[in-house]
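Ready to get to know a new structure by working through some exercises? Grab a pencil, try each task, and then walk through the solution.

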Amino acid sequence: MSQVNTLVITGYGTNSHQETAHAARLAGADRADVVHFSDIVAAKVRLSEYQFLVFPGGFLDGDDLGAAQAAAQRWLHLSDAEGQPLLDSLNRFVDAGGLVLGICNGFQLLVKLGVLPALDGKRFERQVSLSHNDSARYEDRWVQLKPNPDSPCIFTKGLAVHGVLPMPVRHGEGKLVARDAATLQRLQDENLIALQYTHPETGEATQEHPWNPNGSPLAIAGLTDPTGHILGLMPHPEAFHHATNHPGWTRGEVAVPGTALFANAVRYLRENPVNHS
Ligand SMILES: NC(=O)CC[C@H](N)C(=O)O
């Protein structure tokens, strides 16, 4: 069975990197290293040493200029100490079959970088973004997510049988905006909408606040790319890594934890070795 080493990139304002690494370990990853972005730039650590790359949540650069906007510029324009553009390393990582997960601020980074949704295979071209919540406030609450069984997403595979997945959100900029109506339509038509916010009474996708916490169109909570190897989502799967994290646990409520997304990634990588050669 092949090795699953997880790289969680921290620095400049991430705040859930340790929980994220913990979730990866709980899900069975052999290793989960929390590495500062500057160590990637210094070429002390290479993406090619890993199979699973996670961009955790937080407030990169204090959300200045818009969440993850400044961080996206760093990824777009910096090269490492060996002269390798960071974008090339990221591109190669994905082409080698590595899995990428962006959680909340990490999802914001992936869309601003154009890693998601990468329609027409166009990576690093911004096609959608994440903007301020319709409620004009920071939303900190639990939501219920419906996985799309027809999505190519590796992370959500098989999870639709559970109905909904509860997970907490905490963000100010979680509303998806597409550059045009056709782009939005294609996300749906190509099954790139991996996760949707649902109404607790109907279990169906909803635009209703607070169940849809940000007003995201088509109730989009998470997006994948056409390969299914990349997932970005606004809710925090790492924050539901144990039964007692769930607000209903004292009432005996049982639900599939967010670590299920990580477990799917680990399982996939065991069976589908990444080829960094
Ligand atoms: N929890 C997070 O990662 C927050 C993301 C971002 N800082 C926002 O408020 O939208």
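**Exercise 1: Pairing up strands**

Strands β10 (residues 220-224) and β11 (residues 230-233) run antiparallel and are joined by three bridges. Before going on, here are the ground rules. Residues are numbered from 1 along each chain as its sequence is written. The model is predicted, so local features need pLDDT of at least 70 and side-chain atom pairs count only at pLDDT 80 or more, while totals for chains, interfaces and linings use all residues, and side-chain values use heavy atoms, with hydrogens and water left out.

*Task.* Find which residue of β11 stands opposite G222, then work out what β6 pairs with.

*Solution.*
Step 1. Start at G222: the residue opposite is L233 in β11. Strands here are DSSP runs of E with at least two residues, helices are runs of H or I with at least four, and both are numbered from the N terminus. Two strands pair if DSSP finds at least two bridges between them.
Step 2. Move to β6 (residues 139-147), which is joined to β7 by seven bridges, with the two running antiparallel. To spot this pairing on screen, look for V143, whose bridge partner in β7 is M167.
Step 3. Now turn to strand β9 (residues 193-197), which pairs with β6 over three bridges, again in the antiparallel sense. Here P147 has L195 in β9 as its bridge partner.
Step 4. A bit of background helps: strands of a sheet pair through backbone hydrogen bonds, either parallel or antiparallel.

**Exercise 2: Putting the sheet together**

*Task.* Write down the strand order of the nine-stranded open sheet and say which strands are at the edges.

*Solution.*
Step 1. Trace across the sheet and you get β2-β1-β3-β4-β11-β10-β9-β6-β7, with mixed pairing.
Step 2. The edge strands pair on one side only, and they are β2 (31-36) and β7.
Step 3. Neighbouring strands of this sheet are turned by 25° against each other on average, direction ignored. For that angle, axes are lines fitted to C-alpha atoms (for helices over the stretch in contact), and angles run from 0 to 180 degrees between N-to-C directions.

**Exercise 3: A helix and its surroundings**

*Task.* How many residues of helix α5 are buried, and what happens just after α5?

*Solution.*
Step 1. Use the cut-offs: buried is under 20% relative accessible area, exposed is over 50%, and partly exposed is in between (1.4 Å probe, protein chains only).
Step 2. In α5 (residues 105-113), nine of the nine residues are buried, so the helix is largely enclosed by the rest of the structure. Among them are F107, Q108 and K112.
Step 3. Just after α5 comes G114, with a positive phi of about 80°.

**Exercise 4: Around the ligand**

*Task.* Which residues come nearest to the ligand, and which polar contacts can you find?

*Solution.*
Step 1. There are 13 residues around the ligand (a heavy atom within 4 Å counts as near), and G58, D63, C104, R170 and E173 come nearest.
Step 2. Sort the shell by class: three residues are nonpolar, seven polar and three charged. In this scheme Ala, Val, Leu, Ile, Met, Phe, Trp, Tyr, Cys and Pro are nonpolar, Asp, Glu, Lys and Arg are charged, and the others, Gly among them, are polar.
Step 3. α5 and β7 (165-171) each supply at least two residues of that shell.
Step 4. Look for pairs of N or O atoms within 3.5 Å, the cut-off for a polar contact with the ligand. D63 has a polar side-chain atom 2.8 Å from a ligand nitrogen atom. Q108 has a polar side-chain atom 2.9 Å from a ligand oxygen atom, and a polar backbone atom of G172 is 2.9 Å from an oxygen atom of the ligand.
Step 5. The protein covers 99% of the 300 Å² of accessible area that the ligand has on its own.

**Exercise 5: Loop spotting**

*Task.* A118 and D120 sit in the loop between α5 and β5: which is buried and which is exposed?

*Solution.*
Step 1. A118 has 4% relative accessibility, so it counts as buried.
Step 2. D120 has 53%, so it counts as exposed.
Step 3. Check the backbone: A118 has a positive phi of about 55° although it is not a glycine, and phi of D120 is near 60°.
Step 4. P117 lies in this loop between α5 and β5 (128-131) too, and a cis peptide bond joins L116 to P117, with omega about 0°.

Terms used:
Polar contact = N/O pair within 3.5 Å; in protein donor to acceptor, adjacent residues only side chain to side chain. Areas by Shrake-Rupley, 256 points an atom, 1.4 Å probe, with all protein chains shown as cover.
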